[in-house]
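Please work through the following exercises with the sequence and the coordinates open beside you. Each task is followed by a solution that proceeds step by step.

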Amino acid sequence: MKPGYIFLALALLSSAATNGWSQQDERVVAAVKMAQEGNSDSARARIQSIIASLATNDPVYPEALYAAGTIAPTAPDAQRYFRRVALEFSFSPWADDALLRLAQIRYVSHDPLGTVRAVERLRADYPASPLLPTAAYWAARASVDLNDDDAACDWVTLGLSRTGSDVETANQLRYFSGRCGGGSTVDPQPSQGGQAAPPAGPVYRVQVVAVSSRTAADEVAAGLRNLGYPVSIVEDAGLYKVRAGEYRDRPAADEAVRAIRSRIGGVPFVVVEQ
């Protein structure tokens, strides 16, 4: 698995339990659970068996393809499955999610133009999708990489118009507002090099993953820092626990959980450090 894809792959794998699929076929769920428990090869074989047993007009078929993307070992493999969902099953409940995953994979694969095109497709084909604010964030980042400040500003404006009560996503979008007509840049969390002094009393953090590999933990941590979160890695019982943020109260940490889940999927949760 290439560096840069580990972070997203871990998120895609754990997101299968939380992305709100309208159908959850027991066979597909069981296969994804196998991968989550570390039996990736067996899980992929199981998913392939399920796909082979289904007719393409079976409503479970696109679900199985999407699941195959979440447990794919490489970015090209994941792209292949998500592209099939987006193109061949555009009326399925997973089509807009597949486009968002394609955008994220293309971004971590250093393809900002492909990122923007995937988000443009999502916006055009699924204008009411609740994923648009998160997609707009990735398109804004990609536009900045392309030195297209006007486009970045347009994506920020679109995302902010759809965030509703999602304060964390709005703050992440406002990070790029300095490129929009002289607005002020808002960084919702201090960067690694300029963290604020620890607050008195309990500190609330968001645990994103617990992995056995330090390399994988460092990759996840780098991805979170790239999103603007301060990160700590706690070694405990042979696992490396990657934790994001530093919050003074539980509601702020809960909001961060929702934001992290919307951006990278997964099953993040709040931990309290005294």
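The exercises below concern a predicted model, and they treat a sheet, a helix pair and an aromatic pair in turn.

**Exercise 1. The sheet**

Task: Determine in which order the strands of the open sheet are arranged, and which strands are at its edges.

Solution: Begin with the pairing of strand 1 (residues 203–211) and strand 3 (residues 239–247), which run antiparallel and are joined by 6 bridges; within this pairing, glutamine 207 stands opposite arginine 243 in strand 3. Next, take strand 2 and strand 3, which are likewise antiparallel and joined by 6 bridges, with valine 231 having alanine 244 in strand 3 as its bridge partner. Over the whole sheet, 4 strands are arranged in the order 2-3-1-4, with antiparallel pairing, and the sheet is open. The edge strands are accordingly strand 2 (231–236) and strand 4 (269–273), each of which pairs on one side only. As a last step, consider the orientation of neighbouring strands, which are turned against each other by 40 degrees on average when direction is ignored.

**Exercise 2. The hairpin**

Task: Find how many residues lie between strand 2 and strand 3, and which residue in the turn has a positive phi.

Solution: Strand 2 and strand 3 form a hairpin with 2 residues between them. Inspecting the backbone of the turn then leads to alanine 237, whose phi is positive at about 55 degrees.

**Exercise 3. A helix pair**

Task: Classify the packing of helix 8 against helix 10, and state which residues meet.

Solution: Two packed helices are described by the angle between their axes and by the distance between those axes. For helix 8 (residues 132–145) and helix 10 (residues 167–174), the angle is about 20 degrees and the axes are 10 Å apart. Angles under 35 degrees count as roughly parallel, and helix 8 and helix 10 are therefore roughly parallel to each other. Their crossing is left-handed. At the contact, Pro133, Ala136 and Tyr137 in helix 8 meet Thr169, Gln172 and Leu173 in helix 10, and by class this contact comprises 4 nonpolar, 2 polar and no charged residues.

**Exercise 4. An aromatic pair**

Task: Classify the geometry of the pair formed by tyrosine 61 and phenylalanine 89.

Solution: A search of the whole structure finds 4 aromatic pairs. In the pair of tyrosine 61 and phenylalanine 89, the ring centres are 5.6 Å apart and the planes are at 45 degrees, so the pair is tilted. Locating the two residues, one finds tyrosine 61 in helix 4 (residues 60–70) and phenylalanine 89 in the loop between helix 5 (75–88) and helix 6 (95–108), so that the pair, 28 residues apart, links distant parts of the chain.

Methods
Residues numbered from 1 in each chain as written. Predicted model: local features only at pLDDT ≥ 70, side-chain atom pairs only at ≥ 80, totals over all residues. Heavy atoms only, no water. Pairing = 2+ DSSP bridges. Axes fitted to C-alpha atoms, helices over the stretch in contact; angles between N-to-C directions. Parallel < 35°, antiparallel > 145°, perpendicular 65-115°, else oblique. Left-handed = near helix turned anticlockwise from the far one by under 90°. Contact = heavy atoms within 4.5 Å. Nonpolar A, V, L, I, M, F, W, Y, C, P; charged D, E, K, R; others polar. Phe/Tyr/Trp six-rings, centres within 6.5 Å; stacked < 30°, edge-to-face > 60°.
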